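Student: I've got this model open and would like to talk through how its pieces fit together. Can we take it a bit at a time?

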Amino acid sequence: MIRFRLDLSDLAATSFAYSPLQETVLSLRMWAGHARRFPALRDTFAGLRPVFNRLDHTLLTSLVARRRYWVPDFLTPRPRTSVPDIRRELDVLRATDPAVVRPGLEQTFLPLGEPVPARLTNAWDDPSRLLTDIADALEAYWEQCLRPVWWPRARAVLEADIAHRARVLVEGGADALFTGISSRLSWTEGMVAVQRNGPRSSAPTDIPIDGRRLLLTPSCFADGVSTMLSSQALPHIVYGTRGLATLAERPEPPATSQALERLLGAPRARLLTLLAEPASTTELAHRLGVTPAAVSQHLSILKAAHLLERTRHGRHIRYRHSALGAALCAPHPVRE
């Protein structure tokens with residue numbers, strides 16, 4: 001068990017972020033024998049198999065432990081911003097001290113009784129080269145497998161989770177926040193406890209935050225909560241995101257009223273109805289089966305009519321219907 005000790009200022013500084021690099025690394029679990037843990041993602045990743053097989057997939061799958069699907073800490077550096085750019089995250093990975101590569105790999109596999117895969121030990125003599133090869137393989141995997149179609153939908157799920165957690169914190173406080181994330185996460189008297197399912201039990205490790213800021217990161221590839229393997233790492237908790245099942249759904253146009261369609265036209269009526277929850281142009285295009293350019297044109301018209309609100313989240317713009325737009329979408333009784 002890991003226990004993070006927070007004083008009042010540490011609790012106030014606790015924040016959320018998601019990480020494209022983290023999702024890229026943790027998604028390797030889908031190819032390393034752990035896909036059964038994530039049934040909502042299996043069909044999508046099965047469709048990506050031909051592309052994945054053209055990559056250096058032996059190197060990529062060798063980074064995941066078979067028994068507990070651990071991954072080396074140095075592959076998932078703690079996000080430095082709430083919405084990091086994966087290229088900057090890859091730059092951080094490439095700048096990792098080569099001296100931590102071998103210990104990080106050994107710490108991932110050996111406590112589980114697994115040997116470090118030969119694909120990795122064969123490069124012991126040149127850890128800098130191994131680090132570069134890993135970063136290059138992850139970048140190719142991101143660009144060819146994840147970024148084009150899967151990431152826009154996954155990003156929407158992660159952002160929706162963070163928005164939900166923020167509401168829970170405001171409405172229910174720290175106890176509701178932490179216990180709502182997972183049954184393996186608890187909050188008692190200034191302590192956040194993470195129950196880790198390691199290969200053997202051990203005495204609790206108490207880690208003071210001491211102004212280093214506890215970071216909470218949702219993931220599509222976590223079935224519970226976890227933290228870094230090293231107790232010396234910056235305080236960081238990864239947890240399973242809400243809404244993962246929506247990634248398995250086939251997008252269907254939302255139902256709209258005939259009156260709203262007559263007023264706005266069917267495409268804009270469907271678009272406005274979808275925006276009961278915030279969404280980006282890319283997400284909306286996927287849901288409606290149209291191009292992002294077509295969505296942008298409709299959004300501009302709806303925004304000019306004061307039916308939408310627009311907010312920026314990092315580099316991304318998200319839309320949601322305004323009070324007027326919500327009123328138009330609300331069901332109205334039929335008068336006889």
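**Strands, sheet and helices**

Student: Which residues make up the covered face of strand β3?

Tutor: Keep in mind that this is a predicted model. Strand β3 covers residues 185–188, and its uncovered face has Ser-186 and Thr-188. That leaves the covered face to Leu-185 and Trp-187.

Student: And which residue in β4 does Trp-187 stand opposite?

Tutor: β3 pairs with β4 (residues 191–194) in the antiparallel sense, over four bridges. The two strands form a hairpin with two residues between them, and Glu-189 in that turn has a positive phi of about 50 degrees. Across the pairing, Trp-187 faces Val-192.

Student: Moving to the open sheet with the order β2-β6-β8-β7, which are the edge strands?

Tutor: Four strands make up this sheet, and their pairing is mixed. An edge strand here pairs on one side only, which fits β2 (15–16) and β7 (225–227).

Student: What is the bridge partner of Val-225 in β8?

Tutor: β7 and β8 (residues 236–240) run antiparallel and are joined by three bridges. In β8, Val-225 is partnered by Tyr-239.

Student: How is α11 oriented relative to α13?

Tutor: Helix α11 (residues 266–274) packs with helix α13 (residues 292–304), their axes 10 Å apart and at an angle of about 80 degrees. Angles of 65 to 115 degrees count as roughly perpendicular. So α11 relative to α13 is roughly perpendicular.

Student: How many residues of that α11 and α13 contact are nonpolar?

Tutor: From α11 come Pro-267, Arg-268, Leu-271 and Leu-272, meeting Val-295, His-298, Leu-299, Ile-301 and Leu-302 in α13. One residue of the contact is charged and one is polar, and the nonpolar ones number seven.

Definitions and conventions
Residues are numbered from 1 along each chain as its sequence is written. This is a predicted model: local features need pLDDT of at least 70, side-chain atom pairs count only at pLDDT 80 or more; totals for chains, interfaces and linings use all residues. Side-chain values use heavy atoms; hydrogens and water are left out. Two strands pair if DSSP finds at least two bridges between them. Axes are lines fitted to C-alpha atoms, for helices over the stretch in contact, and angles run from 0 to 180 degrees between N-to-C directions. Angles under 35 degrees count as roughly parallel, over 145 as roughly antiparallel, 65 to 115 as roughly perpendicular and the rest as oblique. Contact means heavy atoms within 4.5 Å. Ala, Val, Leu, Ile, Met, Phe, Trp, Tyr, Cys and Pro count as nonpolar, Asp, Glu, Lys and Arg as charged, and the others, Gly among them, as polar. Buried means under 20% relative accessible area, exposed over 50%, partly exposed in between (1.4 Å probe, protein chains only).
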